[in-house]
Amino acid sequence: MQLIQSQNASQAALLEGTGVLSVANDTDVEGVNLDGVATVVLHFPKFTDGRAFSQAVELRRRRGFDGTVVATGDVLVDQLLQMKRCGFSAAVLRADQSLPVGEKLLRHYSAFYQGDVEQPAPLFARQAA
């Protein structure tokens with residue numbers, strides 16, 4: 001998962017340009033046209049508003065979107081691991097959040113028992129195979 005400091009967000013090519021679609025967090029992504037879209041930007045207006053997590057899962061699982069999904073807004077390092085498991089590929093951290101701490105948190109666990117967007121099969125099923 002790519003992490004971007006908020007002060008560098010305006011320079012991040014993946015947030016602007018052709019093939020980038022910004023989606024409000026109250027939009028039903030099931031009806032969004034993804035033709036020609038390489039990057040979907042999902043916004044967290046507050047860290048307590050988790051609707052963008054659901055949007056990311058729906059984009060990946062139900063819509064089969066395999067492009068880049070970026071989290072913007074009130075993004076805390078505490079949320080990064082769950083974001084990754086829900087299908088986010090990148091996150092723009094809130095200004096007061098530490099990039100090195102975020103990178104460390106993303107490396108903390110080597111595997112998860114439950115399945116997720118990245119690895120749909122639970123651990124017991126992967127071990128039995």
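This passage walks through the overall build of the protein, its largest pocket and two of its residues. The structure is a predicted model.

Starting with the big picture, the protein contains four helices and five strands. Read from the N terminus, these elements come in the order β-β-β-α-β-α-β-α-α. So the chain opens with three strands in a row and ends on two helices, as that order of elements, numbered by DSSP runs, shows.

How does the overall size compare with a compact globule? For 129 residues, such a globule would have a radius of gyration near 14 Å, and the protein comes in at 15 Å, so the two agree. Laid along its principal axes, the C-alpha trace spans about 45 × 35 × 25 Å. On the inside, 42% of the 129 residues are buried. On the outside, the protein exposes about 7300 Å², and carbon and sulfur atoms account for 50% of that area. The contacts also say something about how the chain folds back on itself: taking contacts between residues at least 6 apart in sequence, 59% join residues at least 24 apart.

Next comes the largest pocket, which holds about 180 Å³ of space. Its lining is made up of 13 residues, and the ones closest to the centre are Ser110, Ala111, Phe112, Asp116 and Glu118. Helix α2 (residues 80–86) provides the largest share of the lining, with three residues. Sorted by class, the lining has five nonpolar, three polar and five charged residues.

Two residues are worth a visit of their own. Leu99 sits in helix α3 (residues 99–107). Is Leu99 buried or exposed? Neither label quite fits: its relative accessible area is 21%, and because buried means under 20%, Leu99 counts as partly exposed. Setting aside residues up to four places away in sequence, Leu99 touches Leu3, Ile4, Gln5 and Leu93. Asp49 is 50 residues from Leu99 along the chain, and the C-alpha atoms of the two are 22 Å apart.

Arg94 is found in the loop between β5 (90–93) and α3. With a relative accessibility of 27%, Arg94 is partly exposed too. Which residues does Arg94 contact, apart from its neighbours within four places in sequence? They are Ser6, Gly73, Asp74, Val75 and Leu76. Gln82, by comparison, lies twelve residues from Arg94 along the chain, with 16 Å between their C-alpha atoms.

How values were computed:
Residues are numbered from 1 along each chain as its sequence is written. This is a predicted model: local features need pLDDT of at least 70, side-chain atom pairs count only at pLDDT 80 or more; totals for chains, interfaces and linings use all residues. Side-chain values use heavy atoms; hydrogens and water are left out. On a 1 Å grid over the protein atoms alone, a cavity is a set of points where a 1.4 Å probe fits but cannot get out, and a pocket is an open set with protein on both sides within 12 Å along at least five of seven lines; lining residues have an atom within 4 Å of a point. Grid points are joined across faces, edges and corners, and a volume is the space filled by probe spheres set on the points. Ala, Val, Leu, Ile, Met, Phe, Trp, Tyr, Cys and Pro count as nonpolar, Asp, Glu, Lys and Arg as charged, and the others, Gly among them, as polar. The radius of gyration is taken over C-alpha atoms; the globule rule is 2.2 Å times the number of residues to the power 0.38. Buried means under 20% relative accessible area, exposed over 50%, partly exposed in between (1.4 Å probe, protein chains only). Contact means heavy atoms within 4.5 Å. Accessible areas come from the Shrake-Rupley method with a 1.4 Å probe; for residues, only the protein chains shown count as cover.
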